[in-house]
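Here is a short, friendly walk through one protein model. Have the viewer open as you read, and turn the model as the report goes along.

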Amino acid sequence: MKKKIVALLALSVLSMSSVYAAETQGPISRWLDQKTSHVAKKEQDANAKIAAKQKARQEKLAKQRAKAQMKQKKAAQKRAERQRKQKERKARVEAKKKHLRELFK
């Protein structure tokens, strides 16, 4: 019975001191860092991959938006050009009508 109590007491003291040891730079904290460093590295790699994917997605969206804006700009230029040509045609037709009216008066 005494051995069990001593073992439990030693275990509780070790578990309490391991938290303190993890906060300071000692042999236990170095050992814990060494054992958990691969987990931290995996987390960093996963976060880097996620960030890279998000950046790529944002760049792709930006390119798509720029392409759509260029299409809209070109369409607006074409509409303006068509309207300008149509006005020129109307002006020529009106000039010819006016000229013919003056001839036959």
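## Charge and overall form

The model is a predicted one. Its protein chain carries 32 positive and 9 negative side chains, and the centres of these two sets are 6 Å apart.

Part of the positive charge gathers on the surface: Lys74, Lys78, Arg79 and Arg82 form a positive patch.

As for the fold, the protein chain has 2 helices and 0 strands. Its radius of gyration is 40 Å, well over the 13 Å from the globule rule for 105 residues, so the chain is more spread out than a compact globule. The C-alpha trace tells a matching story in its spans along the principal axes, about 135 × 20 × 20 Å.

What share of the 105 residues is buried? Buried residues account for 3% of them. The chain exposes about 10500 Å², and 60% of that area comes from carbon and sulfur atoms.

Two lysines make handy landmarks. Lys60 sits in helix H2, which covers residues 27–103, and Lys78 has its place in helix H2 too. Both count as exposed because their relative accessible areas, 54% for Lys60 and 59% for Lys78, pass the cut-off of over 50%.

| Residue | Relative accessible area | Class |
|---|---|---|
| Lys60 | 54% | exposed |
| Lys78 | 59% | exposed |

For a sense of distance, try Lys60 and Arg79: they are 19 residues apart along the chain, and their C-alpha atoms are separated by 29 Å. Arg79 is also one of the residues in the positive patch, alongside Lys78.

Key: Residues are numbered from 1 along each chain as its sequence is written. This is a predicted model: local features need pLDDT of at least 70, side-chain atom pairs count only at pLDDT 80 or more; totals for chains, interfaces and linings use all residues. Side-chain values use heavy atoms; hydrogens and water are left out. Helices (H or I, at least four residues) and strands (E, at least two) are DSSP runs, numbered from the N terminus. Buried means under 20% relative accessible area, exposed over 50%, partly exposed in between (1.4 Å probe, protein chains only). The radius of gyration is taken over C-alpha atoms; the globule rule is 2.2 Å times the number of residues to the power 0.38. Accessible areas come from the Shrake-Rupley method with a 1.4 Å probe; for residues, only the protein chains shown count as cover. Lys and Arg count as positive and Asp and Glu as negative; His and the chain ends are not counted. The place of a charge is taken as NZ of Lys, CZ of Arg, CG of Asp or CD of Glu. Patches are made of residues with over 30% relative accessible area and no salt bridge: like charges are joined within 9 Å, nonpolar side chains (Val, Leu, Ile, Met, Phe, Trp, Tyr) within 5 Å. A salt bridge is a side-chain nitrogen of Lys or Arg within 4 Å of a carboxyl oxygen of Asp or Glu.
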